[in-house]
Amino acid sequence: MGEKPKSSQSIVYSEREQELAESSRKYYKEGNLVKALEELKELNQLRPRDTRILSNIHLCEYNLSARKNDERYTKRVNEGRIDDIMKTEI
């Protein structure tokens, strides 16, 4: 949930999209991940192909999950073994 990449500066965002992005960022920084996720999902409906939104949704979901405290999961993420993570039930 950082700054926009320089390559996206020419993209036009609606007022509603900007509001949702700002409020989701605010909720995330406050630690209200449930509300941040709600805002991001609404924003995703407006911009379904925006990979930054999808990335932020996944970040919130990860932080809300029990897996974030699982050392095996964290180790696999750090090693870049995403395929193993997706196939494994922990």
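**Helix α1 and the core it helps to build**

Among the things that cover the buried residues of α1 is helix α2, residues 33-46. That makes α1 a handy place to start in this predicted model. The helix takes in residues 15-30, 16 residues in all. At 1.5 Å a residue it should span 22 Å, and its end C-alpha atoms turn out to be 23 Å apart, so the expected and computed values agree. Just after α1 comes Gly 31, with a positive phi near 90 degrees.

Which residues of α1 are buried? They are Glu 17, Leu 20, Ser 23, Ser 24 and Tyr 27. Around the helix axis these residues cover an arc of only 135 degrees, which means they sit on the same side of α1. The face turned away from that buried side has its own set of residues: Glu 15, Glu 22, Lys 29 and Glu 30, which are exposed there.

Two of the buried residues of α1, Leu 20 and Tyr 27, turn up again in the largest nonpolar core. This core has nine residues in all, and the others on the list are Ala 36, Leu 37, Leu 40, Leu 43, Ile 53, Ile 57 and Cys 60. Three helices, α1, α2 and α3 (51-64), each put in at least two residues. Which helix gives the most to this core? That is α2, with four residues.

Helix α2 also holds Asn 44. Is Asn 44 buried or exposed? Its relative accessibility is 19%, and the cut-off for buried is under 20%, so Asn 44 counts as buried. Setting aside neighbours within four places in sequence, the residues in contact with Asn 44 are Ile 53, Leu 54 and Ile 57. Of these, Ile 53 and Ile 57 are also listed in the largest nonpolar core.

Now for the protein as a whole. It has five helices and zero strands, so reading from the N terminus the elements simply go α-α-α-α-α. Of its 90 residues, 28% count as buried. The accessible surface comes to about 6,700 Å², and carbon and sulfur atoms account for 48% of it. As for contacts with a separation of 6 or more, 37% of them join residues that are 24 or more positions apart.

Terms used: Residues numbered from 1 in each chain as written. Predicted model: local features only at pLDDT ≥ 70, side-chain atom pairs only at ≥ 80, totals over all residues. Heavy atoms only, no water. Buried < 20%, exposed > 50% of the residue type's maximum accessible area, 1.4 Å probe, protein only. Contact = heavy atoms within 4.5 Å. Areas by Shrake-Rupley, 256 points an atom, 1.4 Å probe, with all protein chains shown as cover. Expected span 1.5 Å × (residues − 1). Arc of directions from axis to C-beta. Core = buried A, V, L, I, M, F, W, Y, C linked by side-chain atoms within 4.5 Å.
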